[in-house]
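Reader: Hello! I have a model open on my screen and would love a close look at one part of it. Could you walk me through the salt bridges, and then the parts of the fold they join?

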Amino acid sequence: MRQARQLALEVALLDLDLPDSSGRDTFLRARAEAPALPIVVMTGIDDEAIGLEAVRHGIQDYLIKGQTTGRQTARSIANAIERKRSERGGSNRRKRAATGARQALKEKVRERTADLFGSLTGVAG
């Protein structure tokens with residue numbers, strides 16, 4: 001996973017049954033190491049519940065080994081990339097809206113403080 005930060009990857013196709021990690025630990029570790037990277041997990045038929053859990057933890061999609069075609073895999077990967085882009089775009093819009101709301105609130109506080117100060121001192125603000 002450490003190499004993912006050094007390379008310009010667009011997506012990770014992650015097998016949940018690896019020699020050094022398996023199941024839930026694998027996708028949690030991958031998500032922690034590369035939070036901005038779209039990830040599609042591959043799981044066995046017996047692990048479908050783990051695939052669903054992975055999606056609940058921010059993984060973009062899961063595929064069941066032996067039940068997908070190359071076309072389905074390619075579509076899942078493309079969709080994962082697009083969902084992650086949309087997620088980032090929505091996050092940026094929310095940040096801009098929050099910044100604008102904070103600025104507006106600060107301005108209202110300044111105006112109200114000036115009004116209150118003016119009424120206490122008898123000076124119009």
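Author: Happy to! Please keep in mind that this is a predicted model. Searching the whole structure turns up 7 salt bridges. Let's take some of them in turn and then move inward.

A good starting point is Lys65, which pairs with Asp15; their closest N and O atoms are 2.8 Å apart. Lys65 sits in the loop between strand 3 and helix 4, while Asp15 belongs to strand 1, so this pair ties together parts that lie 50 residues apart in sequence. How buried or exposed are the two partners? Lys65 is partly exposed, with a relative accessible area of 29%. Asp15 also counts as partly exposed, at 27% relative accessibility.

Next, look at Glu53 and Arg24, whose side chains meet in a salt bridge with an N to O distance of 2.4 Å. Here two helices are linked: Glu53 is in helix 3 and Arg24 in helix 2, 29 residues apart along the chain. For this pair the accessibility values fall on either side of a cut-off, since buried means under 20% relative accessible area. Glu53, with 19%, is therefore buried, whereas Arg24, at 38%, counts as partly exposed.

The third pair is Asp61 with Arg83, where the closest N and O atoms are 3.9 Å apart. That distance still qualifies because the cut-off for a salt bridge is within 4 Å. Asp61 lies in strand 3 and Arg83 in helix 4, so the pair links parts of the chain that are 22 residues apart. Asp61 counts as partly exposed at 21% relative accessibility, and Arg83 is partly exposed as well, with a relative accessible area of 37%. There is also a network: Glu10, Glu82 and Arg85 are joined by salt bridges that share partners.

Now to the strands. Strand 2 and strand 3 run parallel and are joined by 4 bridges. Between them the chain passes through helix 3 (residues 48-56), and this β-α-β crossover is right-handed. That is the helix that holds Glu53 of the second salt bridge. Within the strand pair, Val41 stands opposite Tyr62 of strand 3. Val41 touches several other residues distant in sequence, among them Leu14, Phe27, Ala54 and Asp61, and Asp61 is the salt-bridge partner of Arg83.

Thr43 is another residue of strand 2. Is Thr43 buried or exposed? Thr43 is buried, with a relative accessible area of 1%. Its contacts include Glu48, Gly51, Tyr62 and Lys65, and Lys65 brings us back to the partner of Asp15.

Val41 also belongs to the interior. The largest nonpolar core has 13 residues, and Val41 is among those with the most contacts inside it, as are Leu14, Phe27 and Ile39. Strand 1 (12-15), helix 2 (24-33), strand 2 (39-43) and strand 3 (61-64) each supply at least two residues of this core. In soluble globular proteins, nonpolar side chains tend to be buried together.

One last stop is Lys84, found in helix 4 (residues 70-121). Lys84 is buried, with a relative accessible area of 5%. Its contacts, not counting residues up to four places away in sequence, are Arg31, Pro35, Ala36, Leu37, Pro38 and Gln60. So within helix 4 you can compare a buried Lys84 with a partly exposed Arg83.

Terms used
Residues numbered from 1 in each chain as written. Predicted model: local features only at pLDDT ≥ 70, side-chain atom pairs only at ≥ 80, totals over all residues. Heavy atoms only, no water. Core = buried A, V, L, I, M, F, W, Y, C linked by side-chain atoms within 4.5 Å. Buried < 20%, exposed > 50% of the residue type's maximum accessible area, 1.4 Å probe, protein only. Contact = heavy atoms within 4.5 Å. Pairing = 2+ DSSP bridges. Right-handed = clockwise from strand over helix to strand, strands pointing away.
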